[in-house]
Amino acid sequence: MFFLALIGIAVPGPAVSAQERPGAGVWWTASAAAHASRLTCDLCEPGRDLGSALGLGIGTYAAPNLRIGMDLGYATGTDDGVRESVLSAGLVAEIHPLERRGLHLIGGLGWAGYRAEDFAYDGVRLRLGLGWDLRLADTWVVGNRLTYDASSFGSLKNEGEPVVRGVGLGTLQFGLYVGRR
Amino acid sequence: MNRRRSWGSCAWGALIALAACESTDPMTTEAPVQATGDAIAFGIWSPSGPDTCTPAIHDQYATVGPDGLRYPTWHPAVDPATGCTFGHEHGRDPSGSDLFGEVGAIPFGYANQHLEEGGFGAPRNEDHVGHKIEWENDLLMNVGGAGAAVLSIECDVLVKLHQGTHSPDAYTNNLHEVAYHVRCSDGTGFSATLLTPIGTPGELVVGCDREVHVPAGTANPEISPDGGGKRAIPDVRCLQESVLSPEDGRPRFDRALRESWEISASLRRSDGRVLAAFNPYFQVMDPSRYYDTSAERALGRPIDLCYVPELVGEDRCEGVADGISWDDPRSPFKGVRRFVDVNGNRVHNADGPEVWYTNALGRNGRTEPFPGAIRQWVAIRDNKGLDIGGGVIGRDRDYDAPGVRAPN
């Protein structure tokens with residue numbers, strides 16, 4: 001997967017221009033990525049372990065170069081034998097700032113939930129990122145995407161009991177997606 | 001690491017005279033610097049057999065308790081000034097603990113001393129050699145069942161338990177003195193000194209089969225309360241299974257000869273609410289006894305097994321010379337291999353104060369002292385939900401030293 005992702009960056013291929021995109025109707029993507037997430041607080045384990053992530057996005061066009069929609073994500077990894085997972089859902093917007101380029105910027109707002117054994121964290125999630133569309137045929141695209149999700153000021157709970165307050169959660173993802181525009 | 005408050009400091013050294021042992025312990029701010037008398041636990045050791053130190057040398061290792069009485073405390077197995085041997089050891093030198101500056105020298109027998117004064121209807125005194133210290137600095141703890149993968153909390157831990165493994169005392173007697181000091185990076189911390197009931201008085205739990213409870217006699221004192229936890233002590237069937245007649249023919253003393261004293265202790269307010277709770281397991285390999293009703297005082301001696309023809313030179317009997325008695329320094333069975341499972345540390349004291357006075361059993365906690373009260377320190381914190389535990393200390397340590405022998 002990473003090999004493909006790197007190829008995707010190194011060999012951009014034909015970019016999808018704004019004129020070639022439908023600019024209307026429904027779009028969707030499915031993605032697979034490597035992710036690294038960590039909680040941040042005074043007591044939080046500072047290590048950041050790699051895991052894998054899957055995501056889905058669906059929406060419509062607000063303008064020919066602006067997509068809006070919803071996304072769902074699930075990321076998981078194992079740290080010291082403990083399975084950690086991050087669930088996310090929210091609204092997303094993707095804008096192509098340059099005509100005839102696949103480069104697009106990603107922004108989003110939603111919810112992120114961290115789970116590990118009996119620990120749970122839920123917070124408002126802000127997403128920032130960028131991606132690069134590569135057209136396959138007609139409206140099909142593949143591409144690379146790098147995103148960073150951040151949430152803060154939440155409470156980490158253990159068996160429902162708040163144990164640490166002021167906790168942040170950061171998740172970095174890099175991967176591939178496929179979809180229709 | 002947070003240091004919420006000092007509750008004891010008594011600098012002392014191998015040969016520092018008692019008068020120089022000055023307490024700056026908030027626990028003892030009102031305590032005199034000079035001893036006003038001797039505790040029951042002081043001066044009870046005397047040499048026997050090959051021990052070469054005198055009682056006078058031994059009694060130099062003392063500290064003044066918060067009550068102004070003189071107590072014995074940790075000393076090396078070999079007196080560095082004279083080279084004489086005491087024949088017993090008290091575990092790890094507490095002066096290396098990060099908590100030593102706060103806690104100071106641990107007075108052995110302090111809770112025993114104040115048991116009756118606090119209203120308990122009978123005395124409970126313990127021998128000198130059974131006081132064992134263990135500690136670890138910056139111990140990474142497991143938190144909330146997720147190990148250290150989610151939260152990283154380190155604790156300094158300094159503990160002392162009276163854990164005699166040479167006599168029949170613990171067959172029946174479940175009241176044992178524990179001093180437990182912990183300070184963690186999340187603010188969890190407490191210092192507790194008490195006599196804690198470990199398991200049921202008058203009975204032991206078989207070490208190799210924890211489901212088997214063996215009535216072993218009458219507890220001393222008879223009114224000893226029930227406690228949580230257990231005293232798992234090997235009995236003759238454990239030796240039979242793992243040493244004398246192992247299924248694979250290979251004797252394994254460590255599998256059979258292992259004592260585990262599993263504590264469930266707490267400090268409680270007078271209304272019964274728990275202020276602090278902890279449940280360490282104190283484990284001893286190679287004790288010099290096992291429970292055998294066919295032996296005098298039910299004291300089976302593992303060294304005797306080394307002279308069973310099939311076991312000569314095998315496993316722990318390797319290198320054991322002929323004719324060694326159970327209390328010979330050359331016997332490997334003298335309880336010098338020990339470790340502590342720290343387990344849970346719970347604090348429920350969000351409303352404070354830090355200083356509580358309890359009776360010697362850790363009960364009847366009040367904010368003002370009363371006759372027989374022991375000053376305890378509990379951080380103003382509630383760590384409910386954190387479930388800080390785990391951590392093993394001392395697993396690879398061995399406290400054998402010249403002259404050390406059972407009873408130890």
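**Chat: the A–B interface and two spots beyond**

Reader: How many residues does each chain bring to the contact?
Author: Chain A brings 19 residues and chain B brings 16 residues. Keep in mind that this is a predicted model.

Reader: What area is buried between chain A and chain B?
Author: About 1,300 Å². Carbon and sulfur atoms give 63% of that.

Reader: Which three residues of chain A supply more of its buried area than any other three?
Author: A:Leu43, A:Glu45 and A:Phe119. Together they supply 42% of the area that chain A buries against chain B.

Reader: How many salt bridges across the interface?
Author: The rule finds one. A:Glu161 forms it with B:Lys384. Their closest N and O atoms are 4.0 Å apart.

Reader: And how many residue pairs in polar contact?
Author: Three between chain A and chain B, counting pairs with both residues at pLDDT 80 or more.

Reader: Which strands of chain A each supply at least two residues of the side that touches chain B?
Author: β4, β5, β7 (140–158) and β8 (161–180). The largest share comes from β8(A), with four residues.

Reader: What's the mix by class on that side of chain A?
Author: Twelve nonpolar, one polar and six charged residues.

Reader: Back to β4(A). How does strand β3 of chain A run against it?
Author: Antiparallel. Strand β3 covers residues 66–79 and β4 covers residues 82–95, and 14 bridges join them. A:Gly77 stands opposite A:Glu84 in β4(A).

Reader: How many residues sit between the strands in that hairpin?
Author: Two. A:Asp80, in the hairpin of β3(A) and β4(A), takes a positive phi near 50 degrees.

Reader: What about β4(A) and strand β5, how many bridges?
Author: Twelve, in the antiparallel sense. Strand β5 of chain A spans residues 103–116. One residue of β5(A), A:Ala112, has A:Ser88 opposite.

Reader: New topic. Where is B:Glu134 found?
Author: In strand β4 of chain B, residues 131–140.

Reader: Is B:Glu134 buried or exposed, and why?
Author: B:Glu134 counts as buried because its relative accessibility is 4%. The cut-off for buried is under 20%.

Reader: Which side chain joins that of B:Glu134 in a polar contact?
Author: The side chain of B:Tyr399, at 2.7 Å.

Reader: What else does B:Glu134 touch, leaving out residues up to four places away in sequence?
Author: Among them are two arginines by name, B:Arg92 and B:Arg338. The list also includes B:Val157, B:Leu158 and B:Val159. B:Ile393, B:Gly394 and B:Arg397 are in it too.

Methods:
Residues are numbered from 1 along each chain as its sequence is written. Chains are lettered from A and ligands numbered from 1 in the order in which they are written. This is a predicted model: local features need pLDDT of at least 70, side-chain atom pairs count only at pLDDT 80 or more; totals for chains, interfaces and linings use all residues. Side-chain values use heavy atoms; hydrogens and water are left out. Buried means under 20% relative accessible area, exposed over 50%, partly exposed in between (1.4 Å probe, protein chains only). A polar contact is a pair of N or O atoms within 3.5 Å; within protein, one must be able to donate a hydrogen and the other to accept it, and residues adjacent in sequence count only if both atoms are side-chain atoms. Contact means heavy atoms within 4.5 Å. Two strands pair if DSSP finds at least two bridges between them. Buried area is the accessible area (1.4 Å probe) that two parts lose on being put together, summed over both. A salt bridge is a side-chain nitrogen of Lys or Arg within 4 Å of a carboxyl oxygen of Asp or Glu. Ala, Val, Leu, Ile, Met, Phe, Trp, Tyr, Cys and Pro count as nonpolar, Asp, Glu, Lys and Arg as charged, and the others, Gly among them, as polar.
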